[in-house]
Amino acid sequence: MKVIDLDNTQLDHWVAKAEGIDVKYTHAGEFWRVMDEPTEIQWIPHKDWTQGGPIIEREGIGFYRAPSPDQPDYGDEPWIASDARDTFTYRGSTPLIAAMRVYVASKYGEDVPNQ
């Protein structure tokens, strides 16, 4: 599946895999990270800056908001993120979504493995 086609839950799943984090999937369609038993926290790096922010900083992912005078209008995905080498660039409706797409692509390529 292409990284750009991952929904938010799938994106969170692949961020967890890339981070080596164990998560469990609930019947409500959410991921929960198992910490010290019995503590669990919801795993949502696509919208939680305390989870996605450190990844962005560590990986040197940059982002900006379009449109600007020299950028096309991206409609409902106005945020653009790229890795430090400009190898991967993705759009998203929020900076975190765009950045997590870049992170997953930097680990797995444009297509994540079938699983």
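The legends below accompany close-up views of a predicted model, in which every value is computed from the modelled atoms.

**View 1. The whole chain, with three helices and six strands**. Followed along the sequence, the secondary structure elements of the chain come in the pattern α-β-β-β-α-β-β-β-α. The chain has 115 residues, of which 38% count as buried. Among the contacts in the chain with a separation of 6 or more, 41% are made by residues 24 or more positions apart.

**View 2. Helix H3, residues 95-108, and the elements that cover it**. The helix has 14 residues and spans 20 Å from its first C-alpha to its last, which is close to the 20 Å expected at 1.5 Å a residue. H3 is mostly covered, with eleven of its 14 residues buried, and these are Pro-95, Leu-96, Ile-97, Ala-98, Ala-99, Met-100, Arg-101, Val-102, Tyr-103, Val-104 and Ala-105. The cover over the buried residues of H3 includes two helices, H1 (8-19) and H2 (49-59), together with strand S4 (62-65), strand S5 (79-82) and strand S6 (89-92). After H3 comes Gly-109, a residue with a positive phi near 90°.

**View 3. The largest nonpolar core and the surroundings of Val-104**. This core holds 25 residues, and those that touch the most other members are Val-3, Leu-6, Val-15, Ile-61, Met-100 and Val-104. H1, H2, S5 and H3 are the elements that give two or more residues to this core, and the largest share, nine residues, comes from H3. Leaving aside residues up to four places away in sequence, Val-104 touches Val-3, Leu-6, Leu-11, Trp-14, Val-15, Gly-109 and Val-112.

**View 4. The largest pocket and its lining**. The space in this pocket comes to about 150 Å³. Its lining is made up of Glu-59, Ile-61, Asp-83, Ala-84, Arg-85, Thr-87, Phe-88, Val-102, Tyr-103, Ser-106 and Lys-107, a set that divides into five nonpolar, two polar and four charged residues. H3 gives the most to this lining, with four residues. Val-102 and Tyr-103 appear in the lining and are also listed among the buried residues of H3, while Ile-61, another lining residue, is one of the residues that touch the most other members of the largest nonpolar core.

**View 5. Helix H2 and its packing partners**. The buried residues in H2 are Gln-51, Gly-52, Gly-53, Ile-55 and Ile-56. These buried residues pack against H1, strand S3 (40-42), S4 and H3. H2 is followed by Gly-60, whose phi is positive and near 70°.

**View 6. Asp-86 in the loop between S5 and S6**. Phi of Asp-86 is near 60°, a positive value in a residue other than glycine. Asp-86 has a relative accessible area of 55% and is therefore classed as exposed, the cut-off for that class being over 50%.

**View 7. Asp-7, in the segment before H1, shown with Ile-97**. The two residues are 90 residues apart along the chain, yet their C-alpha atoms are separated by 9.8 Å. With a relative accessible area of 41%, Asp-7 is partly exposed, because this class covers values between the 20% limit for buried and the 50% limit for exposed. Ile-97, by contrast, is one of the buried residues of H3.

**View 8. Tyr-25 in strand S1, residues 23-25, shown with His-13**. Tyr-25 and His-13 are twelve residues apart in sequence, and the distance between them in space is 8.9 Å, C-alpha to C-alpha. The relative accessibility of Tyr-25 is 55%, so this residue counts as exposed.

Conventions:
Residues numbered from 1 in each chain as written. Predicted model: local features only at pLDDT ≥ 70, side-chain atom pairs only at ≥ 80, totals over all residues. Heavy atoms only, no water. Expected span 1.5 Å × (residues − 1). Buried < 20%, exposed > 50% of the residue type's maximum accessible area, 1.4 Å probe, protein only. Contact = heavy atoms within 4.5 Å. 1 Å grid on protein atoms, 1.4 Å probe; cavity = no way out; pocket = protein on both sides within 12 Å on 5 of 7 lines; lining within 4 Å. Points joined across faces, edges and corners; volume = space filled by probe spheres on them. Nonpolar A, V, L, I, M, F, W, Y, C, P; charged D, E, K, R; others polar. Core = buried A, V, L, I, M, F, W, Y, C linked by side-chain atoms within 4.5 Å.
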